[in-house]
Amino acid sequence: MRYSIQRELVLQRILSAKIHPTAEWIFNEVKKEKSNISFGTVYRNLTQLIDRGLIRLIQFNGIAHYDGNMNPHNHFICNECSQIYDIEIELEDFISEMELKTNHYVSSYHIKVRGTCRKCKVN
Ligand SMILES: [Zn+2]
């Protein structure tokens, strides 16, 4: 991959954010360091990073969020505050039981769980 300072900047902001940011959020953050960068450039770099497997795209409520955690994991989204949490629990048993019952072969999966997060639960 040809090195690009802009792409590196975009990637670093996603990796350090840990909040599954939107393109808008990333654009505003990168702008702080590179004031002349356009939204189109940020968006193009996001697409390139996805194509190269460095980040992944997840849709929540029809909004695109970007995830720099490439370890296999699933997500929990809070109905109250819309915060997205990483869930790192193995789902091997669920997947193998599903394969057994349906005779489908699972090559990849991503599970989204909805509810009320621990912060909103106490309020
Ligand atoms: Zn995640």
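**Exercise 1.** Is His75 buried or exposed?

*Solution.* The structure is a predicted model. Step 1: the cut-off for a buried residue is a relative accessible area under 20%. Step 2: the relative accessibility of His75 is 0%, so His75 counts as buried. Step 3: the test can be repeated for His20, which has 6% relative accessibility and therefore also counts as buried. Step 4: for the chain, buried residues make up 34% of the 123 residues.

**Exercise 2.** Determine which residues bind the zinc ion and describe their spacing in sequence.

*Solution.* Step 1: list the protein donors. They are His20, His73 and His75, each through NE2, together with Asp67 and Asp86, each through OD. These donors lie 2.1 to 2.3 Å from the zinc ion. Step 2: write the donor residues in sequence order, which gives the pattern H-x46-D-x5-H-x1-H-x10-D. Step 3: locate two of the donors. His20 is in the loop between helix H1 (5–17) and helix H2 (23–33), while His75 is in strand S3 (residues 74–78). The pair therefore ties together parts that are 55 residues apart in sequence.

**Exercise 3.** Describe how the strand S3 is placed in its sheet.

*Solution.* Step 1: establish the order. The open sheet consists of 3 strands in the order S4-S3-S5, with mixed pairing. Step 2: identify the edges. Strand S4 (84–87) and strand S5 (112–115) each have a single partner strand, so one side of each has no neighbour in the sheet. Step 3: consider the angle between neighbours. Neighbouring strands of this sheet are turned against each other by 25° on average, direction ignored. Step 4: examine one pairing. S3 and S5 run parallel and are joined by 4 bridges. Cys78 stands opposite Gly115 in S5.

**Exercise 4.** Characterise the packing of H1 against H2.

*Solution.* Step 1: state the geometry. The two helices pack at an angle of about 115°, and their axes are 10 Å apart. H1 passes H2 in a right-handed crossing. Step 2: name the residues in contact. H1 contributes Leu9, Val10, Arg13, Ile14 and Ala17, and H2 contributes Trp25, Ile26, Glu29, Val30 and Glu33. Step 3: sort these residues by class. The contact has 7 nonpolar and 3 charged residues, and no polar ones.

**Exercise 5.** How many helices and strands does the chain have, and in what succession do the elements run?

*Solution.* Step 1: the secondary structure comes to 5 helices and 5 strands. Step 2: from the N terminus on, the elements run α-α-α-β-β-β-β-α-β-α.

Methods
Residues are numbered from 1 along each chain as its sequence is written. This is a predicted model: local features need pLDDT of at least 70, side-chain atom pairs count only at pLDDT 80 or more; totals for chains, interfaces and linings use all residues. Side-chain values use heavy atoms; hydrogens and water are left out. Donors are N, O and S atoms within 2.8 Å of the metal (3.2 Å for Na, K and Ca); water is not among the atoms, so sites may look incomplete. Buried means under 20% relative accessible area, exposed over 50%, partly exposed in between (1.4 Å probe, protein chains only). Two strands pair if DSSP finds at least two bridges between them. Axes are lines fitted to C-alpha atoms, for helices over the stretch in contact, and angles run from 0 to 180 degrees between N-to-C directions. A crossing is left-handed if the near helix is turned anticlockwise from the far one by less than a right angle, and right-handed if clockwise. Contact means heavy atoms within 4.5 Å. Ala, Val, Leu, Ile, Met, Phe, Trp, Tyr, Cys and Pro count as nonpolar, Asp, Glu, Lys and Arg as charged, and the others, Gly among them, as polar.
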